[in-house]
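Subject: Handover of a structure

Dear colleague,

Please find below the structure that I am handing over to you. My findings follow directly after it, and I would ask you to read them with the structure open.

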Amino acid sequence: TVAAHQWRRKRATPQPQAPLDVGQAVHVQSWNPDGTLRVAYRGTSWDAELASPGVTRADTLYIVATRGSVLVLSDHRPTV
């Protein structure tokens, strides 16, 4: 029984993990007229967009997802 359990654990597919960036805070550098942003994160500037139109315009926002190299932001830190 123990050997079967260990064999099954080794063959099981790993649980998907949330991207490491989700939940991290970013500092807003500028707001663009089209509603997108430039933010400082990991020592460089990134393009970003809001997760929804109701997100408060704050200096610090939180990453909730990524779309390619664009960060998707919210004013509430997600639970990961």
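In which sense do β3 and β5 run, and how many bridges join them? The two strands run parallel, and three bridges join them. Please bear in mind throughout that this is a predicted model.

**Strand β5 and its partners**

The pairing of β3 with β5 can be followed at Glu49, whose bridge partner in β5 is Val72. On β4, the pairing with β5 is antiparallel and extends over five bridges. Ile63 takes part here, with Leu73 as its bridge partner in β5. β4 and β5 also form a hairpin, with two residues between them. Gly68, in the turn of this hairpin, has a positive phi of about 65°.

β5 is mostly covered, as four of its five residues are buried. Ser74 lies in this strand. With a relative accessible area of 12%, Ser74 falls under the 20% limit and is therefore buried. Leaving out residues up to four places away in sequence, Ser74 touches Val55, Leu61, Tyr62 and Val64. Its side chain also reaches the backbone nitrogen of His76, at 3.2 Å.

**The nonpolar core**

The largest nonpolar core has 12 residues. They are Val26, Val28, Leu37, Val39, Tyr41, Trp46, Ala48, Val55, Leu61, Ile63, Leu71 and Leu73. Two or more residues come from each of β1 (25–31), β2 (37–41), β3 (44–50), β4 (60–67) and β5 (70–74). β2 gives the most to this core, with three residues.

Val28 may serve as an example of a core residue and its surroundings. Apart from neighbours within four places in sequence, Val28 is in contact with Leu37, Arg38, Val39, Ala58, Asp59 and Leu61.

**Salt bridges**

I now turn to the charged side chains. Side chains of opposite charge can pair when their charged atoms come close. The structure holds three salt bridges.

One of these joins Arg42 to Asp21, with the closest N and O atoms 3.3 Å apart. Arg42 lies in the loop between β2 and β3, while Asp21 lies in the loop between α1 (2–11) and β1, so the pair ties together parts that are 21 residues apart in sequence. As regards accessibility, Arg42 counts as exposed at 56%, whereas Asp21 is buried, with a relative accessible area of 16%.

Another salt bridge is formed by the side chains of Asp47 and Arg38, at 2.6 Å from N to O. Asp47 is partly exposed, at 40% relative accessibility. Arg38 is likewise partly exposed, with a relative accessible area of 27%.

There is also a salt bridge between Glu49 and Arg67, in which the closest N and O atoms are 2.0 Å apart. What does this pair tie together? Glu49 lies in strand β3 and Arg67 in strand β4, so the pair links parts that are 18 residues apart in sequence. At 26% relative accessibility, Glu49 counts as partly exposed. Glu49 thus appears twice in this account: its side chain forms the salt bridge with Arg67, and Val72 is its bridge partner in β5.

With kind regards

Technical notes. Residues numbered from 1 in each chain as written. Predicted model: local features only at pLDDT ≥ 70, side-chain atom pairs only at ≥ 80, totals over all residues. Heavy atoms only, no water. Core = buried A, V, L, I, M, F, W, Y, C linked by side-chain atoms within 4.5 Å. Buried < 20%, exposed > 50% of the residue type's maximum accessible area, 1.4 Å probe, protein only. Contact = heavy atoms within 4.5 Å. Salt bridge = Lys/Arg side-chain N within 4 Å of Asp/Glu carboxyl O. Pairing = 2+ DSSP bridges. Polar contact = N/O pair within 3.5 Å; in protein donor to acceptor, adjacent residues only side chain to side chain.
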